[in-house]
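Work through the following exercises on helix packing and internal space. Each task is followed by a worked solution.

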Amino acid sequence: MDRYPTVAEVTHAARRLVTRFPGACRLRRIGTSRAGRPILMLSVGHGPRHALVVSRPHPDEPVGGATALALAERVAHGDRLSATTDLSLVTWDIILCLDPDGAALSEGIEAATAGPDHTLDDYYRTAYRPVAAEQPEWAPIEGRQLPESRALLDVIEELRPFVQCSLHNVEAGGSWVQLTRALPGLATPFRRSAEEVDIPVQHGTYDALYWENPSPGIHVLPPPDSTARLASGSENIGLSTWCAPSRYGGVTAIVEVPMWATDTADDVSPHPDPARVLSDLAGLVRDDGHRVTALLDRARDFLPPAEDSPPRRVLEWMAGGLYDLVADSWQPLARQAAEAPGHLTTAHVSALDIVARRQPLRAAGLLLRLLDAARDTAAPALYRDLNALFTTWCTDFEKALRLRWVPVADQVTHQTRTIMATTETALKTLT
């Protein structure tokens, strides 16, 4: 496997599995997207316990489709090597793509990351990530009830899964798992799997910066009344689809694997000057983000309106204060670093470095797409100016973090094994 499969390829492969294993596999439509695309779920097994797997909740994170197929193929044989692969005990319910509309807007990722020579430049030119209120897992937090969110919540209510695994890619960094409650038995197989495929374990991540961290790369959601949450909205995370299985005693694991790895993700040595670097990174995300916004300002009159253009909505959302929100959320860390040297590791700072660089790049990639399609006479010059910035930022990103591509097969192997270990650990807590 040298590239990510498209949604159409995943669907076709799922149908073949149903043909090959008609007694074990079933494919059904569980919902319809906002644009009328089907949301399909492949179920494998007939056990009374349900393990729910959610692929492509973020359309710019394509590994989930490949992992979904690898996982389904593995469990369809019903080898009974463990309770999780005994299909008379556990049914695996695998949502093939939760956001098919977003995936259609990111359909170039699969080709852009095929072969040996792909770069961040290729990825960010094709990636699309919706605003928070249009992300199916996150939309309920924002007060939205998307049909994609409703489909997932309805499945959770119907199946009452003892475990839900949400499949994610991070552009760069290491691998980690976020849990809605502790699973102490997960740490060892997770770490072993990462080591075997040479993927660093991420020590500290922006996505769970203030979550409990009982073991390397494993983060556990703080209690609902905890104030130790990021300023970016996670204080209301209980409304997300991640937390829905907890109503029935289930646990959710968000399994992240990197597309490009950096060994600094696993470096737990104290950073020599974190306060200065955090200040620099806050300036970087603000300045580069505002430079994209300045070019957006010059193009607004001839770009498609936000109500008709998902990429334009993302750009306006980011321009509306996201860069400042990200930078401001690091101020408490900078104060702690100044007061207590050694508090932040190289891995912590590396994770924040990635966030600072990726936010302007996501916006720049979307704006380049819109400018390339525009017919206004001002568009080519704006495209050239932004393209020069974009290319430089991608090159700087790769060099600063010394990024190396993780083969798709290794991403899938690690994510699949982590799902199996999570499910086995969760199942043991029920017996």
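**Exercise 1.** Determine the handedness and relative direction of the crossing of helix 8 and helix 12 in this predicted model, and describe the contact.

Solution.
- Step 1. Helix 8 crosses helix 12 in the left-handed sense.
- Step 2. The packing angle of helix 8 with helix 12 (residues 379-401) is about 165°, and their axes are 11 Å apart.
- Step 3. Angles over 145 degrees count as roughly antiparallel, and helix 8 is therefore roughly antiparallel to helix 12.
- Step 4. On the helix 8 side the contact is made by Asp288, Arg291, Val292, Leu295, Arg298 and Ala299, which meet Leu382, Asp385, Leu386, Leu389 and Trp393 of helix 12.
- Step 5. Sorted by class, this contact of helix 8 with helix 12 holds 7 nonpolar and 4 charged residues, with no polar ones.

**Exercise 2.** Which residues of helix 8 meet helix 10, and how do the two helices cross?

Solution.
- Step 1. The axes of helix 8 (residues 274-299) and helix 10 (residues 331-339) cross at roughly 160° and come within 8 Å.
- Step 2. Helix 8 and helix 10 are therefore roughly antiparallel.
- Step 3. The crossing of helix 8 with helix 10 is left-handed.
- Step 4. Helix 8 contributes Pro274, Ala275, Leu278 and Arg286, and their partners in helix 10 are Gln331, Leu333, Ala334, Ala337 and Ala338.
- Step 5. In this contact of helix 8 with helix 10, 7 residues are nonpolar, 1 is polar and 1 is charged.

**Exercise 3.** Is the crossing of helix 7 and helix 13 left-handed or right-handed? Give the geometry and the residues in contact.

Solution.
- Step 1. The axes of helix 7 (residues 187-196) and helix 13 (residues 408-428) come within 9 Å, crossing at roughly 165°.
- Step 2. Helix 7 is therefore roughly antiparallel to helix 13.
- Step 3. Helix 7 and helix 13 make a right-handed crossing.
- Step 4. From helix 7, Pro189, Phe190, Ser193, Ala194 and Glu196 meet His414, Arg417, Thr418 and Ala421 of helix 13.
- Step 5. The contact of helix 7 with helix 13 comprises 4 nonpolar, 3 polar and 2 charged residues.

**Exercise 4.** Describe the largest pocket: how much space lies in it, and which elements supply its lining?

Solution.
- Step 1. The largest pocket contains about 800 Å³ of space.
- Step 2. Its lining is made of 41 residues, and Arg129, Gln135, Trp138, Asp207 and Arg362 are the closest to the centre.
- Step 3. At least two lining residues of the largest pocket come from each of helix 5 (120-126), strand 5 (163-173), strand 6 (176-179), strand 9 (251-261), helix 9 (310-328) and helix 11 (346-373).
- Step 4. Helix 9 gives the most to this pocket lining, 7 residues.
- Step 5. The classes in the lining of the largest pocket are 22 nonpolar, 9 polar and 10 charged residues.

**Exercise 5.** How many cavities of 30 Å³ or more does a search of the whole structure find? Describe the lining of the largest cavity.

Solution.
- Step 1. The search of the whole structure yields 1 cavity of 30 Å³ or more.
- Step 2. The space in the largest cavity is about 70 Å³.
- Step 3. Lining the largest cavity are Val170, Ala172, Trp176, Gln202, Thr205, Tyr206, Asp207, Ala351, Ile354, Val355 and Arg358.
- Step 4. Strand 5 and helix 11 are the elements that give two or more residues to the lining of the largest cavity.
- Step 5. Helix 11 has the largest share of this cavity lining, with 4 residues.
- Step 6. By class, 7 residues of the lining of the largest cavity are nonpolar, 2 are polar and 2 are charged.

Terms used: Residues numbered from 1 in each chain as written. Predicted model: local features only at pLDDT ≥ 70, side-chain atom pairs only at ≥ 80, totals over all residues. Heavy atoms only, no water. Axes fitted to C-alpha atoms, helices over the stretch in contact; angles between N-to-C directions. Parallel < 35°, antiparallel > 145°, perpendicular 65-115°, else oblique. Left-handed = near helix turned anticlockwise from the far one by under 90°. Contact = heavy atoms within 4.5 Å. Nonpolar A, V, L, I, M, F, W, Y, C, P; charged D, E, K, R; others polar. 1 Å grid on protein atoms, 1.4 Å probe; cavity = no way out; pocket = protein on both sides within 12 Å on 5 of 7 lines; lining within 4 Å. Points joined across faces, edges and corners; volume = space filled by probe spheres on them.
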